[in-house]
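Q: Please pick one part of this structure and look at it closely. Then follow its connections outwards, and explain the terms by example as you go.

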Amino acid sequence: MERVETKIKEYGHMDDNNSQVGYSFEREKNNMDNADNIDKKKVELVIIGGGSAGLAAAVSAYENGCRDILIMERDQELGGILLQCIHNGFGLHMFGEELSGPAYAEKWIRMLQETSITYKVNTMVTHLYADRTVEYVNQEEGYVQIQATAVVLAMGCRERTRGAIAIPGYRPSGVWTAGTAQRYLNMEGYMVGKRVFILGSGDIGMIMARRMTLEGAKVLGVAEVMPYSNGLPRNRKQCLEDFDIPLFLSHTVVDIQGKDRMTGLTIAQVDDKMQPISGTEQTFDADTLLLSVGLIPENGLSEEAEIQLHPRTRGAIVNECLETSVEGIFACGNVLHVHDLVDFVSNEGKKAGLYASRYIQGKLNQGETFRVDAGDGIGYVMPQKVLMDVPEDKIEFMFRVRNNCKNSTLQILGDGKVLKTIKKPHMAPAEMEKVTLKKEELMGIREQLLIKVCDPSINE
Ligand SMILES: Cc1cc2nc3c(=O)[nH]c(=O)nc-3n(C[C@H](O)[C@H](O)[C@H](O)COP(=O)(O)OP(=O)(O)OC[C@H]3O[C@@H](n4cnc5c(N)ncnc54)[C@H](O)[C@@H]3O)c2cc1C
């Protein structure tokens, strides 16, 4: 009870009628009073995850007329991964300014506080079923089951670990995922090592190379198994080149030394089949290895609800309304596909909130769909389905290419007929691409929309 009252002091405020809005005390109290009630409580919109996707979905659903909204967040505060990203680079598209992660989150939390949206922190959703029954647990209420009219999945993603990439050697301390080290350093105030090596040149790896350097560690290098860097070009420039941190392309870690604490590691060059080349080994006396080797959408709950997942994105298969294969369940943000820019996550969250509120109001367009496929040179396209009637004026497709491409051409085909060709001077797997097609361009497609790079042979 003490916790609830504290939250009201922190977040609640009075509206014109002198009622408490923002954090809903009434709902919280009713939930506790009814803890033993065997009937499921009903909530119109449940949002699982209070990161940038969940926050944007909630604000947008509210703006579109939904009033009974509940966000559930397992962490102790709203904001998600943004809270540990204290570097700049967030919000350029959304707010026209470069903010830190916490400052970007705060803007959305303030918008939320101006509404009557309810949220629960320290609350873990443990089960989700296809009939939109949601089960959660927290310290105040214990175990609770609720019935949602619609659900938005916004659970983000998790990092691949050492086990997933099978690095040989002992299991000494000093091996961390980069995101965990980032949380320890930026939020908990712990320095995880002094002589650091990083495996993976994605954005998180490069950002952590700079961060550890700024905190006084010596970053000995970053190894990347691919022949190109896997993060945004600006991060390669600002995080590695500006700090003279060497980047070893086509290299991987082949051994970790040390029994209790890591004492060193060995890297080696890899061939075009990504196998280490004997004789190319280099050893570093590092006490810490940070792994930035990929993110995986957090879809345990989606699987339980029997939502169809895409083999490439490992997120839900959705239509242009971001509705999954299970009616009334929508997905957005990193749980749907891994994003590099938070602005795109917030936009997707806004869409999910809009369509979920339309679903609740009985106004969501439904019907037969055609499929959207990734052709030559394309890794995936999202959404993967479009309603044949094409009720929206335009639809934005997001996709990633498989390899770096220079001066190439994108081709978009509807049922085998070329609809559009677009010249692209530069595309890279690390950078999400977008193409917007108008209703007129999509009308009449019955089977398949295909996006491909029509000259992938000139990829470099
Ligand atoms: C290290 C890092 C650096 C980045 N740097 C930049 C940058 O410089 N610029 C930029 O624009 N973008 C950057 N991004 C990208 C962008 O910030 C993220 O893609 C975006 O914030 C993800 O938002 P999300 O809501 O999808 O996921 P998250 O922020 O991960 O939020 C998901 C939330 O769901 C909660 N959750 C999960 N499961 C449950 C459950 N079962 N019950 C309750 N709650 C649950 C989690 O606790 C979490 O708070 C960065 C991302 C990372 C990881």
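A: The part chosen is helix H5, residues 101-113, which has 13 residues. From its first C-alpha to its last, H5 reaches 18 Å, close to the 18 Å expected at 1.5 Å a residue. The model is predicted.

Which residues of H5 are buried? They are Gly101, Tyr104, Ala105, Trp108 and Leu112. Seen down the axis of H5, these buried residues fall within an arc of 95°, so they line one face of the helix. The numbering fits a general rule: an α-helix has 3.6 residues a turn, so residues three or four places apart point the same way. The buried residues of H5 are covered by elements that include H3, E5, strand E6 (99-100) and H11.

Some of these neighbours lead to the ligand. Helix H3 (52-63), strand E5 (88-90) and helix H11 (342-360) are among the elements that give two or more residues to the shell around the ligand. Others in that group are strand E8 (124-128), helix H7 (178-188) and helix H8 (203-214). There are 38 residues around the ligand, and those that come nearest are Gly49, Gly51, Gly80, Gly156 and Gly333. Sorted by class, the shell has 17 nonpolar, 14 polar and 7 charged residues.

Where does the ligand lie with respect to the domains? Domain 2 (34-160 + 295-366) and domain 3 (161-293) both give residues to the shell, so the ligand lies between them.

Helix H7, one of the elements of the shell, can be read in the way H5 was. Its buried residues are Ala178, Gly179, Ala181, Gln182 and Leu185. Down the axis of H7 they fall within an arc of 155°, so they too line one face of their helix. On the face turned away from that buried side, H7 carries the exposed residues Met187 and Glu188. The packing partners of the buried residues of H7 are strand E11 (157-159), strand E12 (175-177), strand E13 (195-199), H8 and strand E19 (288-291). After H7 comes glycine 189, with a positive phi near 80°.

Positive phi values call for a short detour. Most residues other than glycine have a negative phi, and most peptide bonds are trans. Arginine 132 is not a glycine, yet its phi is positive, about 70°. This residue sits in the loop between E8 and strand E9 (133-138). Arginine 132 has 19 C-beta neighbours inside 10 Å and therefore counts as partly exposed. Methionine 274 is another residue that is not a glycine but has a positive phi, about 65°. Its place is the loop between E17 and strand E18 (282-284). With 10 C-beta neighbours inside 10 Å, methionine 274 counts as exposed.

The loop before E17 also holds a residue worth a look. Aspartate 260 lies between strand E16 (251-257) and strand E17 (264-269). It has 9 C-beta neighbours inside 10 Å, so aspartate 260 counts as exposed. Not counting residues up to four places away in sequence, aspartate 260 touches Pro172 and Ser173. Its C-alpha atom is separated by 56 Å from that of asparagine 64, which is 196 residues away along the chain.

Now the wider layout. The chain is divided into domain 1 (2-33), domain 2 (34-160 + 295-366), domain 3 (161-293) and domain 4 (369-460). Between the C-alpha centres of domain 2 and domain 4 there are 27 Å. How many residues are in contact between these two domains? On the side of domain 2 there are 13, and they meet 16 residues of domain 4. The side of domain 2 that touches domain 4 has 4 nonpolar, 6 polar and 3 charged residues.

Two last details complete the tour. Methionine 382 and proline 383 are joined by a cis peptide bond, with omega about 5°. Proline 383 is in the loop between strand E23 (378-382) and strand E24 (385-387). From methionine 382 to leucine 413 is 31 residues along the chain, and their C-alpha atoms are separated by 16 Å. Leucine 413 belongs to strand E26 (residues 405-414). It counts as partly exposed because it has 19 C-beta neighbours inside 10 Å. Apart from neighbours within four places in sequence, leucine 413 is in contact with Val418, Leu419 and Leu450.

Notes. Residues numbered from 1 in each chain as written. Predicted model: local features only at pLDDT ≥ 70, side-chain atom pairs only at ≥ 80, totals over all residues. Near = placed C-beta within 6 Å. Helix = DSSP H or I, 4+ residues; strand = E, 2+ residues; numbered from the N terminus. Nonpolar A, V, L, I, M, F, W, Y, C, P; charged D, E, K, R; others polar. Domains from an automatic or database assignment. Buried ≥ 20, exposed ≤ 12 C-beta atoms within 10 Å, placed from the backbone. Arc of directions from axis to C-beta. Contact = placed C-beta atoms within 7 Å. Expected span 1.5 Å × (residues − 1).
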